[in-house]
Amino acid sequence: MNPLLATLGSKLTERWLNLLVLPGALFLAVTAIGTTLGHRHWHDVDRLRTTLDDLAARPALDRTGTAALLAALVLLTAAAASLAAQFLGGAIEQYWLRFGRDPLSRALTARRERQWKERDAKVEEAVAHANPTGVGANGAVTIPRSTWARIQALSEARDRIALREPTRPTWYGDRMQATADRVEAAYGVDLAALWPRLWLILPESAGRQIQSGRDSFSAAARLTAWAVGYALLACWWWPAALVAVGCGAVARSRARTALDALAGLIEAAVDVHGRDLATRIGLITPDATGLLAHDTGDGMSEVFRKAD
């Protein structure tokens, strides 16, 4: 048991350092530098060195107890800062995935919907003026390569707003909504009611991949929270704004990549294991073949919603 406890203890310590102490300690270090230098002396290394020398020369720091207490205080403060970033990251996740019920969200949704329709109209116009050059052996229409490249570029520009006509104020919410709409269109099942039950029967490997995607999205939200913290610190030391912009840009890219992968994994889980769930609740027999039918999907939604 002792080797097992030692291994678990080392892993917990490593996780505690990576998630709490190190990010918080870095933020505290930048905060100390910023408050010491300020805007006027933002690059004055000598001023920072002098401050450190004065601090190290204080008699109280020569005492072991005082130094240990100071180190513990720094660690606790760093952990508190990281916990605050985690709390703010959770709020940012909810903000990204929210529905548009308040006036600001409805305005953002209307703006995104207007932009999406404008770009979709350009795609349709480009397709209408494609001028096909022939018909292939399988009946497919051939068009010039340059025209096809332009249609692809316009489609990608439209999809950067949303895969379908926006119904939420953010790309993140629309990406998850698109997954739910695609599942309902294909199988007639409500993804919100289906998912908790499907999660219970997923194989361990599939569950790990989905959880990894979810953790990556949460990590991106926490990085956004740190960007907010550095942006506030820029009020006292403007170079922190550069750190905030960098963290924000990286967080946005990682969040979009992680959520896109997560949405794809969720849809794939329904495709692969949806029939297994229907079999387990008795809607279809184990020897049934073919795709999950719409009437089966409707039956699953009815069972899972219960009295709703």
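Helices are taken as DSSP runs of H or I of at least four residues, numbered from the N terminus. In this predicted model, the chain has 10 helices and 2 strands. Along the sequence, these elements follow the order α-α-α-α-β-β-α-α-α-α-α-α. Of the 308 residues in the chain, 33% are buried. Where contacts join residues at least 6 apart in sequence, 70% of them link residues at least 24 apart.

The largest nonpolar core contains 48 residues, and the members that touch the most others are Leu 194, Trp 195, Leu 198, Tyr 230 and Met 300. At least two core residues come from each of α1 (2–37), α3, α6 (171–187), α7 (191–201), α8 (204–233), α9 (239–280) and α10 (294–305). The greatest contribution to this core, 13 residues, is made by α9. For Leu 194, contacts beyond the neighbours within four places in sequence are made with Val 189, Val 270, Leu 277, Met 300 and Phe 304.

The exposed area of the chain is about 19,100 Å², of which carbon and sulfur atoms supply 60%. Leu 70, Leu 73 and Val 74 form a nonpolar patch of about 250 Å² on the surface. Leu 70 is located in helix α3, which spans residues 64–96. This residue, Leu 70, counts as partly exposed because its relative accessibility is 41%, a category lying between the limits of under 20% for buried and over 50% for exposed. Helix α3 thus holds Leu 70 of the surface patch, and α3 is also among the helices that each supply at least two residues of the largest nonpolar core.

Note on methods. Residues are numbered from 1 along each chain as its sequence is written. This is a predicted model: local features need pLDDT of at least 70, side-chain atom pairs count only at pLDDT 80 or more; totals for chains, interfaces and linings use all residues. Side-chain values use heavy atoms; hydrogens and water are left out. Patches are made of residues with over 30% relative accessible area and no salt bridge: like charges are joined within 9 Å, nonpolar side chains (Val, Leu, Ile, Met, Phe, Trp, Tyr) within 5 Å. Accessible areas come from the Shrake-Rupley method with a 1.4 Å probe; for residues, only the protein chains shown count as cover. A salt bridge is a side-chain nitrogen of Lys or Arg within 4 Å of a carboxyl oxygen of Asp or Glu. Buried means under 20% relative accessible area, exposed over 50%, partly exposed in between (1.4 Å probe, protein chains only). A nonpolar core is a set of buried Ala, Val, Leu, Ile, Met, Phe, Trp, Tyr and Cys residues joined through side-chain atoms within 4.5 Å. Contact means heavy atoms within 4.5 Å.
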